[in-house]
Amino acid sequence: MWCYRGGSISTEPRINDRIRVPEVRLVGPSGEQVGIVPLAKALELAQEYDLDLVEVAASARPPVCKLMDYGKFKYESAMKAREARKNQAHTVIKEMKLRPKIDPHDYDTKKGHVVRFLKQGDKVKITIMFRGREQSRPELGYRLLQRLATDVEDLGFIESNPKQDGRNMIMVLGPHKKKTEAMAEAREAQAARKAEAKANPGKSQNAHESDIDGEDIADDVETVEAPAEASAEA
């Protein structure tokens, strides 16, 4: 019985001796058009320049090949792809949970986290949790949500109006600032901190420890949805 075992299809371009055509349209190392030449002549030029002959357009007739340092090309392409992933802005939703009769100090703490999330360019899902007899007083949750929205209106807006969801009331705040802008500002701030660290090692170390403490507290309270989720309960 004849059996076919399929393998993975390589996406790598053909280079040097792997190219199997009688002639190619050759592009020089600097992008200049050499013209249509026999494959043997193109390989000879590649050896002369100490470069690789790389097939860059296999579907063309004849195929287009370029003289280049293929190892360097692959490295630079990988670095560009890595940088693109690093700068990619993901849609993230943070969640903050409050109780209708929240303590003023706790409210200020929760509001501080909401402010930080909005500054980062993230959306924030605010959940008011009702328990027991509190369920008969939905206006308490509504007023609390409106108060919070007013307190952070310089940074965000109500994207989804308060609505009842079982024993909870939910509202979503959207940031005025785009995620890409927030990421750019964060990188600038990080660069500024590094510059200050070089100028004032002792002072910057204390500030760095303070930042770490703040991040540890935030990790206990934030929720991330898409791609990951973590929760901040009252």
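In the predicted model, aspartate 52 lies opposite methionine 68, a residue of strand 4. This pairing belongs to a set of five bridges that connect strand 3 (residues 52–57) with strand 4 in an antiparallel arrangement. The two strands are consecutive parts of a hairpin, in which six residues lead from strand 3 to strand 4. Strand 4 also pairs with strand 1 (residues 23–27), here in the parallel sense and through three bridges. Within that pairing, leucine 26 has cysteine 65 of strand 4 as its bridge partner. Strand 4 (residues 64–68) is largely enclosed by the rest of the structure, because four of its five residues are buried.

The chain as a whole contains six helices and eight strands. Their order along the sequence is β-β-α-β-β-α-β-α-β-α-β-β-α-α. Of the 234 residues in the chain, 30% are buried. The surface exposed by the chain amounts to about 15,600 Å², and 50% of this area is supplied by carbon and sulfur atoms. Among contacts in the chain with a separation of 6 or more, 58% are made by residues 24 or more positions apart.

A further group of paired strands is arranged around strand 6 (residues 123–129). Strand 6 is mostly covered, with five of its seven residues buried. Strand 5 (residues 93–98) runs parallel to strand 6 and is joined to it by six bridges. One pair of bridge partners consists of methionine 96 and isoleucine 126, the latter in strand 6. Together with helix 3 (residues 104–119), strands 5 and 6 form a β-α-β unit, and this unit is right-handed. Strand 6 is paired with strand 8 (residues 168–175) as well, in the antiparallel sense and over six bridges. In this case lysine 125 stands opposite valine 172, which belongs to strand 8.

Several residues of these strands recur in the nonpolar interior. The largest nonpolar core comprises 19 residues, and those with the most contacts inside it are Met96, Leu98, Val114, Val124, Ile126, Ile128 and Leu173. Two or more residues of this core come from each of strand 5, helix 3, strand 6, helix 4 (138–151) and strand 8. Apart from this core there is a second, separate one of 12 residues, including Ile19, Val24, Ala42 and Leu67. Methionine 96 and isoleucine 126 therefore appear in two roles, as bridge partners and as residues with the most contacts in the largest core, whose members are by definition buried.

Charged side chains were examined next. Side chains of opposite charge can pair when their charged atoms come close. In the whole structure, five salt bridges are found. One of them brings together the side chains of glutamate 134 and arginine 99, with an N to O distance of 3.0 Å. This salt bridge connects distant parts of the chain: glutamate 134 is in the loop between strand 6 and helix 4, while arginine 99 is in the loop between strand 5 and helix 3, and the two residues are 35 residues apart. The relative accessible area of glutamate 134 is 13%, so this residue falls under the 20% limit and counts as buried. Arginine 99, by contrast, has a relative accessible area of 22% and is therefore classed as partly exposed.

Another salt bridge involves strand 6 directly, since lysine 123 is paired with glutamate 159, their closest N and O atoms being 3.0 Å apart. Here too distant parts of the chain are linked, as glutamate 159 is in strand 7 (residues 156–165) and lysine 123 is in strand 6, 36 residues apart. Glutamate 159 is partly exposed, with a relative accessible area of 40%. Lysine 123 is likewise partly exposed, its relative accessible area being 27%.

A salt bridge is also formed by the side chains of glutamate 139 and arginine 137, at 2.4 Å from N to O. Glutamate 139 counts as partly exposed at 31% relative accessibility. Arginine 137 is partly exposed too, at a relative accessible area of 38%.

Conventions. Residues numbered from 1 in each chain as written. Predicted model: local features only at pLDDT ≥ 70, side-chain atom pairs only at ≥ 80, totals over all residues. Heavy atoms only, no water. Buried < 20%, exposed > 50% of the residue type's maximum accessible area, 1.4 Å probe, protein only. Pairing = 2+ DSSP bridges. Right-handed = clockwise from strand over helix to strand, strands pointing away. Core = buried A, V, L, I, M, F, W, Y, C linked by side-chain atoms within 4.5 Å. Salt bridge = Lys/Arg side-chain N within 4 Å of Asp/Glu carboxyl O. Contact = heavy atoms within 4.5 Å. Areas by Shrake-Rupley, 256 points an atom, 1.4 Å probe, with all protein chains shown as cover.
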